[in-house]
Each structure stands twice: as structure tokens, then as C-alpha cells.
Amino acid sequence: MNIPFLDNWRKRHEPEPAEPPLVAAYDRDPEGVGELLAECELLRTRVAQSGVALDDTPRSLQELDQLPPRWRDDPEELPWVGNDAGLYLGTVIVRNVPGARWQVWPGGGPVVRLASGREIQVVEAGLGWAMTGSPELSQVYAEAAEY
């Protein structure tokens, strides 16, 4: 028997998953999630068009900081580039700062946790960089490397 209002009620009252999918995936395979976060395909494509190779080194962050922000001309692409920039920043920190690792908050947001316990909200930093140029990605990395 098909009762449309009952279907709608069920959809609203179904239990929500215990944890976001990224959290569950991170719990099962932290290295795999780290590789997934490192892809940053949009950012890598856009900067390759400018002749910059993202090789997961601190030097590449300096090169990114020097690029003209052409992505700001496209309001639909801007947040995606910013998100990728933050994930790339996190990847560089995790791969180059001893003791740094990805951490996924219970709400599903990825951050980088340093050996000191300090957490860096890399996606926020990337969005700020993409929108205004501040903070510079290389500066965030330098501060992380000091800890």
C-alpha cells in the first residue's frame, strides 16, 4: 500500500548515521583518506596551466602564493579552489613536518594535528588565501614547522 505522507514522515524520522562518512573512512584507513585529501585535482589543474608543479614541498607553497589569483574571477570556482588549497597545504604539512598528521573532526572536517597537539584548520586557511590572499600558504606552513 502506497501512502505518500507516510513515506515523507519516514524520511524525516529515520535515524541519522552515527558519524559522517569521512570520519568513518578515516577510522578504517587514515592513510587512504590522507591520499584522497592530497588529490586536490582542481587546484593542481589550475596551477599547472600557470606552469607551477605542485610537488608537495614547502617551495611549491611559495610558488602558489606568487600566482595571480585568476580564480577570483569565477565566484563558483573560488570556494573549490580555496578548499583544494587548504587540503594541499595540509598535505604539505603532513608530508614535511615531523609528527604532523591528518585528523578528522566528529563533524567531518579535516584538520592537521601537529606533534605538539596544535590543530591547524587548513581548509579555512586555504579559503582565506583564495579569497583575499591572506594568510599566505607558505606562512601557515612556516608557523606549523616551528612547532
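# A guided tour of the predicted model

Start by selecting Cys40, which is buried, with a relative accessible area of 4%; here buried means under 20% relative accessible area, exposed means over 50%, and partly exposed is in between, with a 1.4 Å probe and protein chains only. Cys40 sits in the loop between helix 3 (30–37) and helix 4, and its phi is positive, about 45°, although it is not a glycine. Most residues other than glycine have a negative phi, and most peptide bonds are trans.

Before going further, keep in mind that this is a predicted model, in which local features need pLDDT of at least 70 and side-chain atom pairs count only at pLDDT 80 or more, while totals for chains, interfaces and linings use all residues. Residues are numbered from 1 along each chain as its sequence is written, and side-chain values use heavy atoms, with hydrogens and water left out.

**The whole chain**

Now show the whole chain as a cartoon, where you will find eight helices and three strands; helices (H or I, at least four residues) and strands (E, at least two) are DSSP runs, numbered from the N terminus. Following the chain from the N terminus on, the elements run α-α-α-α-α-α-β-β-β-α-α. Of the 147 residues in the chain, buried ones make up 38%. If you consider contacts (heavy atoms within 4.5 Å) between residues at least 6 apart in sequence, 58% of them join residues at least 24 apart.

**Helix 6 and its neighbours**

Select helix 6 (residues 78–96) together with helix 7 (residues 122–132), whose axes come within 7 Å and cross at roughly 130°. That angle makes helix 6 oblique to helix 7, given that angles under 35 degrees count as roughly parallel, over 145 as roughly antiparallel, 65 to 115 as roughly perpendicular and the rest as oblique. The axes are lines fitted to C-alpha atoms, for helices over the stretch in contact, and the angles run from 0 to 180 degrees between N-to-C directions. To see where the two helices meet, show side chains including Leu78, Gly82, Gly86 and Ile93 in helix 6, and Val122, Gly126 and Trp129 among those in helix 7. The residues of this contact of helix 6 with helix 7 divide into 13 nonpolar, five polar and no charged, where Ala, Val, Leu, Ile, Met, Phe, Trp, Tyr, Cys and Pro count as nonpolar, Asp, Glu, Lys and Arg as charged, and the others, Gly among them, as polar.

Next, keep helix 6 and add helix 4 (residues 41–48); helix 4 and helix 6 pack at an angle of about 100°, with their axes 8 Å apart, and they are therefore roughly perpendicular to each other. Glu41, Leu42, Leu43 and Arg44 of helix 4 make this contact with Trp80, Val81, Asp84, Ala85 and Tyr88 of helix 6. By class, the contact of helix 4 with helix 6 has six nonpolar, no polar and three charged residues.

**Salt bridges**

How many salt bridges does the structure hold? It holds seven, a salt bridge being a side-chain nitrogen of Lys or Arg within 4 Å of a carboxyl oxygen of Asp or Glu. Select Arg44 and Asp56, which form one of them, with the closest N and O atoms 3.1 Å apart. Arg44 lies in helix 4 and Asp56 in the loop between helix 4 and helix 5 (58–66), so the pair ties together parts that are twelve residues apart in sequence. Arg44 is partly exposed, at 23% relative accessible area, whereas Asp56 is buried, at 13%. Phi of Asp56 is also positive, near 65°, in a residue other than glycine.

Move on to Glu119 and Arg113, another salt bridge, where the closest N and O atoms are 2.5 Å apart. Glu119 counts as partly exposed at 29% relative accessibility, and Arg113 counts as partly exposed at 25%. Then select Glu35, Arg44, Asp56 and Arg95, which are joined into one network by salt bridges that share partners.

**Two glycines and a cis bond**

In the loop between strand 1 (101–104) and strand 2 (110–113), select Gly107. Is Gly107 buried or exposed? Gly107 is exposed, with a relative accessible area of 71%. Gly108, which has its place in the loop between strand 1 and strand 2, is buried at 16%. Adding Leu22 shows that Gly108 and Leu22 are 86 residues apart in sequence and 5.7 Å apart in space, C-alpha to C-alpha.

End the tour at Ser134 and Pro135, where the peptide bond from Ser134 to Pro135 is cis, with omega near 0°. Pro135 is placed in the loop between helix 7 and helix 8 (137–146).
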